[in-house]
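Work through the exercises below with the sequence and the coordinates open beside you. Each task is followed by a solution that proceeds step by step.

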Amino acid sequence: MDYTSAFMQALNTAPILPRTISPAVFLGHSYFILEETAHDFLTILSGGIIEAREQYSFSMKTLPFHMLLYTKEGSGMLRAGGKDYILEEQTLLYYDCASFPTWEIEMAESFWKYNVFFLTGSGLSAYAKLIPDAGPLLIHVDPYGNILPCIEKLLSQTEGTSLYDKLTDDMLLRRILAELWINALSLVPSKKDYPSYLMEIKQSMDTFFMNDFSLQELEARYHVNKYRICREFAAAFGIPPLKYLNKRRLNAATQLLLSTDKRVHEISLEVGFETTNHFINLFKREMGTTPQAYRNANK
């Protein structure tokens, strides 16, 4: 199947638009599609960073694709299946564009800035089956969580044409969808399954990640052997405590790189790293590039 041609044909026939508005205002731009992987991998067909300043609404016919939409500023609205879904700041929408015969998107304010991706891939059907009523999923996104760094990385992959790029897209999309479903379907394990001290440690790291933490300090505070803390924390949350802490700091640093003009060493200090070199090395290991190069590519 020629996914590029099929997608462009669908986009040319689906939107019911005012003559003065281009579909690109909502749909973004086309990504390079590697035909040999598009069926099996989660693949981005179109998307980008959209800043809408002119009031508009779109009526769309059924599309055989899926959509992810994250609102950064302002707000919009999805109308589907007789229901309205308000797309306010820091919300992530997932929608199977074939769920209903028609659906509408419109601006709710005079300015709306959002990231949008239209997706294909056989693996999406497994996620869609998890929605009880086949309707949209909408969640509030933790600004320091795992979803936003994945979105920013996907946005930087616009020109990617290699198998490596498409495998990376697939990995990032699966991370986003897994987090979205866990939150939307309340699949987070009950807190009562964990010792209370583990929940306290995690909450402290989530809220005060910029502060100093050490295993010795945690051992003294909770009167639990530090090796047991590492073992039980990793069993509960899938990652050792100090690695979890660094991940929270890196996520916060990523947002500061894109939303402020602070220098790299200032951001490093603000999120809690002792040295700038340590921050840069960890960032490069996680994101595949230096903080400054990441900022230059995504701002």
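The exercises go from the chain as a whole to its strands, its pockets and two single residues. The model is predicted.

**Exercise 1. The chain as a whole**

Task: state how many helices and strands the chain has, what part of its residues is buried, and what share of its contacts joins residues 24 or more positions apart.

Solution: Begin with the secondary structure, which amounts to 13 helices and nine strands. Turn next to burial, where the residues that count as buried make up 49% of the 299 residues in the chain. Finally, take the contacts with a separation of 6 or more, of which 74% are between residues 24 or more positions apart.

**Exercise 2. Two strands and their faces**

Task: for strand 7 and for strand 4, decide which residues are covered on each face, and find the strands with which they pair.

Solution: As a starting point, in a regular strand side chains alternate between the two faces of the sheet. In strand 7, Thr91, Leu93 and Tyr95 point one way while Leu92, Tyr94 and Asp96 point the other way, and all of them are buried. Strand 7 (residues 91-96) is therefore largely enclosed by the rest of the structure, since six of its six residues are buried.

The next step is the pairing of strand 7. Strand 5 runs antiparallel to strand 7 and is joined to it by five bridges, with Leu69 standing opposite Leu93. Strand 9 also pairs with strand 7 in the antiparallel sense, over four bridges, and here Thr91 stands opposite His140.

Strand 4 (residues 57-61) gives another picture, with Phe58 and Met60 on a covered face and Ser57, Ser59 and Lys61 on an uncovered one. Strand 4 and strand 8 run antiparallel and are joined by five bridges, and the bridge partner of Met60 in strand 8 is Trp103.

**Exercise 3. The two largest pockets**

Task: describe the volume and the lining of the largest pocket and of the second largest pocket, and name the helix that gives the most to each lining.

Solution: The largest pocket has a volume of about 1,200 Å³. Its lining is made up of 41 residues, and those nearest the centre are Gly145, Asn146, Glu179, Tyr244 and Lys247. Among the elements that give two or more residues to this lining are strand 9 (137-140), helix 5 (147-155), helix 6 (163-184) and helix 10 (241-259). Helix 6 gives the most, with nine residues. Sorted by class, the lining of the largest pocket holds 22 nonpolar, nine polar and 10 charged residues.

The second largest pocket contains about 300 Å³ of space. It is lined by 15 residues, and Tyr70, Lys72, Leu148, Gln255 and Ser259 are the closest to its centre. Strand 5 (66-80), strand 8 (102-120), helix 5 and helix 10 each give two or more residues to this lining, and helix 10 provides the largest share, four residues. By class, the lining of the second largest pocket divides into seven nonpolar, four polar and four charged residues.

As a last step, consider helix 5, which gives two or more residues to the lining of the largest pocket and also to that of the second largest pocket. Helix 5 is mostly covered, with eight of its nine residues buried; among these are Ile147, Leu148, Pro149 and Cys150.

**Exercise 4. Two residues with polar side-chain contacts**

Task: are His66 and Glu270 buried or partly exposed, and which side chains do they contact through polar atoms?

Solution: His66 lies in strand 5. Because its relative accessibility is 10%, and the cut-off for burial is under 20%, His66 counts as buried. The side chain of His66 makes a polar contact with the side chain of Tyr94 at 2.4 Å. Beyond its neighbours up to four places away in sequence, His66 also touches other residues, including Tyr95, Asp96, Phe117 and Leu124.

Glu270 has its place in helix 11 (residues 264-271). With a relative accessible area of 37%, Glu270 is partly exposed. Its side chain makes a polar contact of 2.6 Å with the side chain of Lys262. Leaving aside residues up to four places away in sequence, Glu270 touches Met210, Leu256 and Lys262. The C-alpha atoms of Glu270 and Ala253 are 8.4 Å apart, and these residues are separated by 17 residues along the chain.

Note on methods: Residues numbered from 1 in each chain as written. Predicted model: local features only at pLDDT ≥ 70, side-chain atom pairs only at ≥ 80, totals over all residues. Heavy atoms only, no water. 1 Å grid on protein atoms, 1.4 Å probe; cavity = no way out; pocket = protein on both sides within 12 Å on 5 of 7 lines; lining within 4 Å. Points joined across faces, edges and corners; volume = space filled by probe spheres on them. Nonpolar A, V, L, I, M, F, W, Y, C, P; charged D, E, K, R; others polar. Buried < 20%, exposed > 50% of the residue type's maximum accessible area, 1.4 Å probe, protein only. Contact = heavy atoms within 4.5 Å. Polar contact = N/O pair within 3.5 Å; in protein donor to acceptor, adjacent residues only side chain to side chain. Pairing = 2+ DSSP bridges.
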